[in-house]
Amino acid sequence: MRWQVPAADNIQAQADYLIRHPVPSGFKGIIFTDRAGNWLPIANAGYMVYWCNTGQIPVGAMGMSEQMLRMSVADFARTYWGIQLADKRLVVDILQNKVKETAVLLPITSNTGGVGKTTSSRQLADRASQAGLRVLLIDGNIRQSSQRSFFDPRQDKPLHTIADWRPGMQVQVGANRGRDLGVPYDICFAPPAGVGVDWQIYRQYIQAARRLWDFVVLDLDRISADDLDDRENIANGLLLPYIQSGDPCLVIVKAGRQTQIDALNLLTALAEHHLPKELIGIKDTVPVGLQGYRRLDYTRYGTFLGTEYQTVEASNHIANGDVRWDDPGLAFARENILNWALPDRGFNPERFNPNAKNSEGKKGRGRK
Ligand SMILES: Nc1ncnc2c1ncn2[C@@H]1O[C@H](COP(=O)(O)OP(=O)(O)OP(=O)(O)O)[C@@H](O)[C@H]1O
Ligand SMILES: [Mg+2]
């Protein structure tokens, strides 16, 4: 399920597609599946089909050891084939020899409110654009249109929102050019107050947008552990399937006794959904003036990407509507997140590492 063939969730249509598109000579085609069925026609089309489940191995598939089953696809490829997985093109693009990659999608969420999701998504979009990527920021705050409030506080600019778009239309119908908003990235705003757009529309919009932009940042609402199991919720209907198919997700944790406990709730629930840890990125934010911050050990839940130190200065910039400012308290975590989501694209966290010269330990604890 790491890449989607065009038939989305319809397994039979995917199978038919693969049979009609046998593995080209000189290539290897590998399928990981947990669906029982007759895999022989697909094996005959040249694919190696690995059975990622226990129980009877279906015809045409190969069994895997228990140790292999515990690995993520990325770990498996690294261990057995020495391959570093970074290529996220859709199967259909590879088979049809299209070279352009499908954009990496980075959803940003948290378990508690006000942790800096909306601000961070602008920061990440801004830095990625500076590095030469064509970036789209999508506001997924379905009920509060947070990005619109920032860019258009009086709500009087003639801006496009996702509510303007319908499946089949050009993606640009839902997006606004960055240059009209004074930023180097484009933005798709959430629907205006009182207009409902559900996550199925978001999914289709994202699917289309990924073919046009290089990097799509999705500013999501907070979600709870229960939301992951609620079929009506964006967390279940949109976020989980994306992570399952190989997209990363950034979870922001606000330092503080209760907020850290709340965050662990969500991280535990994500772990219980067997999502690959390398796809769950975690950032801590430490509010201005907070004493005694202690980072949690996240090894069981995901990949820790850094701590962002919030300052009064930064909050003034945000309140004034500034879109860019130099802030050493943000730069390292931001660069680290981008290098994780977009490997090999020239992001260099070490350049921004406040502890770079004495990096062997906690010497940077008393940082300014
Ligand atoms: N780096 C920072 N330094 C100082 N203040 C910050 C920083 N990042 C965010 N803030 C402040 O924290 C508050 C919440 O930020 P933001 O709206 O980005 O969070 P959020 O997680 O998107 O919130 P919500 O859950 O409401 O969507 C804002 O008032 C913002 O100005
Ligand atoms: Mg927000």
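Two strands are taken to pair if DSSP finds at least two bridges between them. Strand S8 (residues 249–254) and strand S9 meet that criterion, with six bridges joining them in a parallel arrangement. The model described here is a predicted one, and this pair of strands is a convenient place to enter it.

The protein has twelve helices and ten strands. Of its 368 residues, 34% count as buried. Among contacts with a sequence separation of 6 or more, 60% link residues that lie 24 or more positions apart.

S8 and S9 belong to an open sheet of seven strands, which follows the order S6-S5-S7-S4-S8-S9-S10 and pairs in the parallel sense. At its edges stand S6 and strand S10 (303–309), each of which pairs on one side only. Within this sheet, neighbouring strands are turned against each other by 20° on average, with direction ignored. Another of the pairings joins strand S4 (residues 104–109) to strand S7 (residues 215–220), parallel again and with five bridges. Here Leu106 is found opposite Val217 of S7. Strand S9 (residues 280–286) has six of its seven residues buried, so this strand is largely enclosed by the rest of the structure.

Lys254 offers a closer look at the S8–S9 pairing. This lysine is found in strand S8 and stands opposite Thr285 in S9. Is Lys254 buried or exposed? With 24 C-beta neighbours inside 10 Å, Lys254 counts as buried, because the threshold for a buried residue is 20 or more. Leaving out residues up to four places away in sequence, Lys254 touches Thr112, Val115, Thr259, Thr285 and Pro287. Lys254 and Asp284 are 30 residues apart in sequence, yet their C-alpha atoms are 5.7 Å apart in space.

Two helices can be placed against strands of the seven-stranded sheet. Helix H6 (117–130) lies across S4, strand S5 (135–140), S7 and S8, and runs at about 170° to S7. Helix H8 (residues 199–209) lies across S4, S5 and S7, and its direction is at about 175° to S5.

H6 also packs against another helix. The axes of H6 and helix H12 (residues 328–341) come within 10 Å and cross at roughly 70°, which makes H6 roughly perpendicular to H12. From H6, the contact involves Gln123, Leu124, Arg127 and Ala128, and from H12 it involves Leu330, Arg334, Ile337 and Leu338. By class, the residues of this contact divide into five nonpolar, one polar and two charged.

H6 comes up once more at ligand 1. Which residues come nearest to this ligand? Of the 18 residues around ligand 1, these are Gly113, Thr118, Thr119, Gln310 and Ala314. Helix H6 and helix H11 (312–319) are the elements that give two or more residues to the shell. The shell around ligand 1 comprises four nonpolar, eleven polar and three charged residues.

A separate open sheet has three strands in the order S1-S2-S3, with parallel pairing. Strand S1 (29–33) and strand S3 (61–62) are its edge strands, each with a single partner, so one side of each has no neighbour in the sheet. S1 pairs with strand S2 (residues 47–51) in the parallel sense over five bridges, and Gly29 stands opposite Tyr47 in S2.

Some individual residues outside the sheets also deserve a mention. Most residues other than glycine have a negative phi. Gln155, in the loop between helix H7 (146–151) and strand S6 (186–188), instead has a positive phi near 55°. With 11 C-beta neighbours inside 10 Å, Gln155 counts as exposed. His274 likewise has a positive phi, near 55°, and lies in the loop between helix H10 (257–272) and S9. His274 is exposed, with 9 other C-beta atoms within 10 Å.

Asn236 lies in helix H9 (residues 234–244) and counts as partly exposed, with 18 C-beta neighbours inside 10 Å. Setting aside neighbours within four places in sequence, Asn236 is in contact with Asp227, Leu228, Asp229, Asp230 and Arg231. Asn236 and Asp226 are ten residues apart in sequence and 9.3 Å apart in space, C-alpha to C-alpha.

How values were computed:
Residues are numbered from 1 along each chain as its sequence is written. Chains are lettered from A and ligands numbered from 1 in the order in which they are written. This is a predicted model: local features need pLDDT of at least 70, side-chain atom pairs count only at pLDDT 80 or more; totals for chains, interfaces and linings use all residues. A residue is near a molecule or strand if its C-beta atom, placed from the backbone, lies within 6 Å of it. Helices (H or I, at least four residues) and strands (E, at least two) are DSSP runs, numbered from the N terminus. Ala, Val, Leu, Ile, Met, Phe, Trp, Tyr, Cys and Pro count as nonpolar, Asp, Glu, Lys and Arg as charged, and the others, Gly among them, as polar. Axes are lines fitted to C-alpha atoms, for helices over the stretch in contact, and angles run from 0 to 180 degrees between N-to-C directions. Angles under 35 degrees count as roughly parallel, over 145 as roughly antiparallel, 65 to 115 as roughly perpendicular and the rest as oblique. A residue is buried if 20 or more other C-beta atoms lie within 10 Å of its own, exposed if 12 or fewer, and partly exposed in between; C-beta atoms are placed from the backbone.
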